[in-house]
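Welcome! Here is a short briefing to help you find your way around a structure that is new to you.

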Amino acid sequence: MTRRKIQIKKIDNTTARQVTFSKRRRGLFKKAQELSTLCDAEIALVVFSATGKLFEYTSSSVQQVIERHGLLSSNFDKLNQPSLELQLESSTSAALSKEIAENTHELRKLMGEELQELNMKELHELEKLLASGLKRVRDAKGEIVLKEITSLKWKGSQLMQENKRLKQMANQQIQTLELELEQGQSSEPIGDFIHSDPSQDHDSSGTSLKLGLAFPNGI
């Protein structure tokens, strides 16, 4: 004969309920004792009947098990509770994330995106902000161009001075070369430019003009 499965619900009959409670309590305590013996587990069971009567089972001491449970619960709560440093980091991270999101939204508006949610006043403020930013960009660009022009003028002036110096050096070298050439021509012998033909230019005294030219003071 198979065992009939009992439906789990409250037993209305008081006597039957007390009998079932007594049987089940003894079975529960027996299983707890077996578990403690087989597995060397520390167990404490506390049961109150419908009439308020206390029944308990413990492998050591109920108070000891309860204190141990309270200590573990306290340590567990501390582990689960984030430290002050972690809370500050979390708060800082949340603030930075919010700031990044806001700045990203503002940047998109400056780029002409996500403008549908803006009203006329906000669009006007955005237009003024863009105009001010454009002016600053143009001013910065003008300063850079002016610096580049000044730099180019300075470089041009330096090149002109260098060109002038090179011209002066070239003129000095040319003058030195011309002077050297003039000095070289004046140092050549005069006799080289006189004809050496003895049949020409004789006077009645038989003295050669060649000698007279070669020796201006005469013999």
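The notes below cover a helix, the residue just after it and a surface patch.

This is a predicted model, in which local features need pLDDT of at least 70 and side-chain atom pairs count only at pLDDT 80 or more, while totals for chains, interfaces and linings use all residues. Residues are numbered from 1 along each chain as its sequence is written, and side-chain values use heavy atoms, leaving out hydrogens and water.

**Helix α1**
- Helices (H or I, at least four residues) and strands (E, at least two) are DSSP runs, numbered from the N terminus.
- Helix α1 covers residues 14–39, and its end C-alpha atoms are 37 Å apart, which agrees with the 38 Å that its 26 residues should span at 1.5 Å a residue; the expected span is 1.5 Å times one less than the number of residues.
- At the N-terminal end, Asn13 acts as a cap for α1, with a side-chain oxygen 3.0 Å from the backbone nitrogen of Thr15.
- Arg25, Phe29, Ala32 and Ser36 of α1 are buried (under 20% relative accessible area, with exposed over 50% and partly exposed in between, using a 1.4 Å probe and protein chains only).
- The cover over the buried residues of α1 includes β1 (44–48) and β2 (54–58).

**Asp40**
- Asp40 sits in the loop between α1 and β1.
- Although Asp40 is not a glycine, its phi is positive, at about 55°.
- Asp40 counts as exposed because its relative accessible area is 71%.

**Met111**
- Met111 is found in the loop between α3 and α4.
- Met111 has 57% relative accessibility, so it counts as exposed.

Technical notes. Contact means heavy atoms within 4.5 Å. A polar contact is a pair of N or O atoms within 3.5 Å; within protein, one must be able to donate a hydrogen and the other to accept it, and residues adjacent in sequence count only if both atoms are side-chain atoms.
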